[in-house]
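Please open the structure in a viewer and keep the sequence panel visible. The tour proceeds by selection, and each stop states what is to be found there.

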Amino acid sequence: MAITHSKNGFDFSHWNTVISTDSTGKLIETPIDWNKVMATSWNFDFVYTKFAHGTSIFGKDTAAYPIDLIIKSYTTAKGRLLRGPYHFWYNQYDARLQGKTFRDNVGDNIGEVRPMADVEDTSFLPLLAWSDT
């Protein structure tokens, strides 16, 4: 499905996972319930999911970034929402290394919308090197 006009969407990262604890205090993380998302009045069409930030490589679940949960939520959105990966940009890190980190983390999970960078610090933008990787 091609986006030909304005669509509604949101971004998803570790800040959006559902985390609780069991009776022993162990963390329990639950992927997004897409049925609940789709039942809202927002009429979402797409979701962007954070696959990397700076030069961090997410290779295992951690409390800070549960990549297995992120990938599960991203995968289960297929067919319900258009999906795309995003990278959280840090100006202080090497642009090419950030591009490589993002590409390595995304792997074959490209999705249906183009990958993007979340740039919140616009004081210095070496993004050309990032987009060339």
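The stops below cover strands, a nonpolar core and salt bridges. Please bear in mind throughout that this is a predicted model.

**Stop 1: strand β4**

Select residues 46-53, which form strand β4. How many of its residues are buried? Eight of the eight are buried, and the strand is accordingly described as mostly covered.

Next, add residues 9-12, which form strand β1. Strands β1 and β4 pair in the parallel sense, with four bridges between them. To inspect this pairing at the residue level, display F10, which stands opposite V47 of β4.

Now add strand β5, residues 82-88. Strands β4 and β5 also run parallel, and seven bridges join them. Here the pair to display is F46 and L82, the latter in β5, which stand opposite each other.

**Stop 2: the largest nonpolar core**

Select F12, I32, W34, V37, F44, V47, I70, A77 and L81 and show their side chains. These nine residues make up the largest nonpolar core. As general background, nonpolar side chains tend to be buried together in soluble globular proteins. V47, already displayed opposite F10, is one of the core members.

Centre the view on F44, another member of this core. Which residues does F44 contact, leaving aside its neighbours within four places in sequence? The contacts are N8, G9, F10, V37, M38 and L81.

**Stop 3: the salt bridge of R83 and E112**

The count of salt bridges in the model comes to two. For one of them, select R83 and E112, whose closest N and O atoms are 2.9 Å apart. This pair links distant parts of the chain: R83 belongs to strand β5, whereas E112 lies in the loop between α3 and β6, and 29 residues separate them. Is each partner buried or exposed? R83 is buried, with a relative accessible area of 7%, while E112 is partly exposed at 35% relative accessibility.

**Stop 4: the salt bridge of D104 and K100**

Select helix α3, residues 95-106, and display the side chains of D104 and K100. These meet in a salt bridge, with an N to O distance of 2.6 Å. The two residues are separated by about one helical turn because they are four residues apart in helix α3. Colouring by accessibility completes the stop: D104 is partly exposed at 41% relative accessibility, and K100 is likewise partly exposed, at 39%.

Terms used
Residues are numbered from 1 along each chain as its sequence is written. This is a predicted model: local features need pLDDT of at least 70, side-chain atom pairs count only at pLDDT 80 or more; totals for chains, interfaces and linings use all residues. Side-chain values use heavy atoms; hydrogens and water are left out. A salt bridge is a side-chain nitrogen of Lys or Arg within 4 Å of a carboxyl oxygen of Asp or Glu. Buried means under 20% relative accessible area, exposed over 50%, partly exposed in between (1.4 Å probe, protein chains only). Two strands pair if DSSP finds at least two bridges between them. A nonpolar core is a set of buried Ala, Val, Leu, Ile, Met, Phe, Trp, Tyr and Cys residues joined through side-chain atoms within 4.5 Å. Contact means heavy atoms within 4.5 Å.
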